Amino acid sequence: TTPPHHHHHTHTTVFLFLLVAMTYINTMEELQVFSWLRLWLLDRGFSLRGMFWITGAMAFCLSPVADNLTTALLMGAVVIALGGQDESYVTRCCVNIVVASNAGGVFSPFGDVTTLMVWQKGKLQFSDFIRLVVPGVLNWLVPALIIASSLKAGDPHREAHLTVRMHPGAKGVICLFLGTIVLASVFHQWVHLPPVLGMMTGLGLLKVYGYLFVTYGNLDDYNTAGKLPVSNLKQDKQEKKHHLHAMDIYKRMEHTEWDTLLFFYGVIMSVGGLGLLGYLDLLAVWAYGGLGPMSANVLVGLISALVDNIPVMFAVLSVEPEMSDMQWLLVTLTAGVGGSILSVGSAAGVGLMGSSKGVYNFTEHLKWSWAIVAGYVVSIIAHLVINGA
């Protein structure tokens with residue numbers, strides 16, 4: 001078993017990581033970043049299916065660098081802005097993003113916490129994870145093809161003569177967000193500190209930026225909607241006040257989905273309690289001793305769909321079963337993508353449920369679990385064929 005402070009530390013860092021990412025997302029949403037991005041994509045003439053594939057591909061490619069949780073929150077905000085009132089379309093895109101984010105994270109230690117744990121434990125070298133690229137791609141493509149076939153043809157709804165302009169300070173927030181992601185990676189890879197410290201440093205920089213903008217920002221030359229000149233002085237002052245309010249980072253933190261954050265924290269601490277009492281260790285000993293590495297590693301992915309994959313992987317690493325590199329790659333793959341089967345199985349799914357304001361939920365995700373299981377099976381077969389059974 002592991003000491004209580006380890007579980008508390010592990011899950012608190014995930015909680016804070018999620019808080020920082022959600023604060024940035026809320027701030028950019030308030031500053032019209034995603035509304036502007038939606039209009040930019042619409043002006044390029046992409047269809048609904050085209051948007052589905054673009055956002056999924058972006059999530060898959062971004063996840064190895066920015067981690068699956070941040071990627072899911074960012075791309076989820078984009079599809080919610082794109083889909084508008086079409087909740088069915090938004091839900092399907094969110095499922096696609098969760099699967100793509102988790103699949104893209106398995107072949108990079110920066111993409112998923114479980115991959116990072118295997119790397120830090122010294123079970124595999126950094127370059128070994130590249131062998132999971134093809135299984136990861138197939139894990140995303142199989143359910144994506146199935147879901148895409150259910151999408152209706154046509155173009156997203158676009159309001160005629162609508163012009164959207166990002167609010168003052170938006171570009172600075174975007175740069176800070178990208179810098180925060182880089183900072184988290186630098187903290188871990190070169191400074192050898194937890195990535196969450198880089199995220200919290202980025203949150204501090206965002207607060208300083210918001211304070212300076214509210215205190216010294218000049219909005220005199222800006223008209224809010226980017227549509228018509230503001231002639232009414234009272235209306236002009238109200239709009240300027242709204243923009244300054246958008247840069248009040250403490251207000252943005254107030255609007256964070258705290259109920260989702262606390263639910264997530266409660267779930268992972270409960271699972272951590274099972275690990276503390278030794279039940280996860282017993283399960284790992286039984287699986288690897290009785291079933292053998294192959295069956296046990298496949299089972300790890302299915303268990304990860306029900307409980308958080310972090311304590312499951314920690315239990316596996318605590319037992320330290322004798323396995324080849326191929327089997328360690330297999331358990332890295334299954335633990336990473338198995339959480340996609342249910343929305344509560346990964347940080348990406350739980351975080352997106354909170355940021356989507358109820359549009360994407362457990363029940364809607366469950367409707368496509370069979371397609372995700374198909375991708376799960378195909379990815380395992382691909383791994384065995386490519387990397388050797």
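Reader: How does K367 count by relative accessibility: buried, partly exposed or exposed?

Author: K367 counts as partly exposed, because its relative accessibility is 47%. This is a predicted model, by the way, so please take the values as computed ones.

Reader: Thanks! And which side chain does K367 meet in a salt bridge?

Author: That would be E364. The two side chains come together at 3.2 Å, N to O.

Reader: What about the exposure of E364?

Author: E364 is also in the partly exposed class, because its relative accessibility is 24%.

Reader: How many salt bridges turn up in a search of the whole structure?

Author: Just one, and the E364 and K367 pair forms a salt bridge.

Reader: Let's zoom out. What does the secondary structure of the protein chain come to?

Author: There are 19 helices and zero strands.

Reader: And how much of the chain is buried?

Author: Of the 389 residues, 52% are buried. On the outside, the chain exposes about 16,800 Å², with 65% of that supplied by carbon and sulfur atoms.

Reader: Among contacts between residues at least 6 apart in sequence, what share join residues at least 24 apart?

Author: The share is 80%.

Reader: Back to the surface. Which residues form the nonpolar patch?

Author: The patch is made of V134, V373, V377, I381, V385 and I386. Together they have about 500 Å² of accessible area.

Reader: Which helix gives the largest share of that patch?

Author: Helix α19, spanning residues 369–387, gives five residues. I381 is one of the residues in that helix.

Reader: Changing topic: where does N139 sit?

Author: N139 is in helix α7, which covers residues 133–148. This asparagine is buried, because its relative accessible area is 1%.

Reader: What does N139 touch, leaving out residues up to four places away in sequence?

Author: Its contacts are V99, A103, V337, G375, Y376 and S379.

Reader: Nice. Now α17: why is it described as largely enclosed by the rest of the structure?

Author: Nine of its nine residues are buried, so the rest of the structure largely encloses α17. Those residues are A347, A348, G349, V350, G351, L352, M353, G354 and S355.

Reader: And what is the phi of K357, which follows α17?

Author: The phi of K357 is positive, near 55 degrees. K357 also appears in the lining of the second largest pocket, among the residues nearest the centre of that pocket.

Reader: Oh, tell me about that pocket. How many residues line it?

Author: The second largest pocket has 24 lining residues. Nearest its centre are E29, A77, I80, S355 and K357. The elements giving two or more residues to this lining are α1 (4–30), α2 (33–43), α4 (68–83) and α17 (347–355).

Reader: How much space lies in it?

Author: About 410 Å³ lies in the second largest pocket.

Reader: And closed spaces? How many cavities of 30 Å³ or more are there?

Author: The count comes to three. The largest cavity has a volume of about 110 Å³.

Reader: Which residues line the largest cavity?

Author: Its lining consists of L280, L283, A284, A287, Y288, A296, L299, V300, I303, V312, A315 and V316. Two or more residues come from each of α13 (279–291), α14 (293–306) and α15 (309–319). The largest share, five residues, belongs to α13.

Reader: What residue lies in the loop between α13 and α14?

Author: G292 lies in that loop. The glycine is buried, because its relative accessible area is 17%, and the cut-off for buried is under 20%.

Reader: Last one: what separates the C-alpha atoms of G292 and M323?

Author: They are 9.8 Å apart, while the two residues are 31 residues apart along the chain.

Technical notes: Residues are numbered from 1 along each chain as its sequence is written. This is a predicted model: local features need pLDDT of at least 70, side-chain atom pairs count only at pLDDT 80 or more; totals for chains, interfaces and linings use all residues. Side-chain values use heavy atoms; hydrogens and water are left out. Helices (H or I, at least four residues) and strands (E, at least two) are DSSP runs, numbered from the N terminus. Buried means under 20% relative accessible area, exposed over 50%, partly exposed in between (1.4 Å probe, protein chains only). Contact means heavy atoms within 4.5 Å. Accessible areas come from the Shrake-Rupley method with a 1.4 Å probe; for residues, only the protein chains shown count as cover. Patches are made of residues with over 30% relative accessible area and no salt bridge: like charges are joined within 9 Å, nonpolar side chains (Val, Leu, Ile, Met, Phe, Trp, Tyr) within 5 Å. A salt bridge is a side-chain nitrogen of Lys or Arg within 4 Å of a carboxyl oxygen of Asp or Glu. On a 1 Å grid over the protein atoms alone, a cavity is a set of points where a 1.4 Å probe fits but cannot get out, and a pocket is an open set with protein on both sides within 12 Å along at least five of seven lines; lining residues have an atom within 4 Å of a point. Grid points are joined across faces, edges and corners, and a volume is the space filled by probe spheres set on the points.
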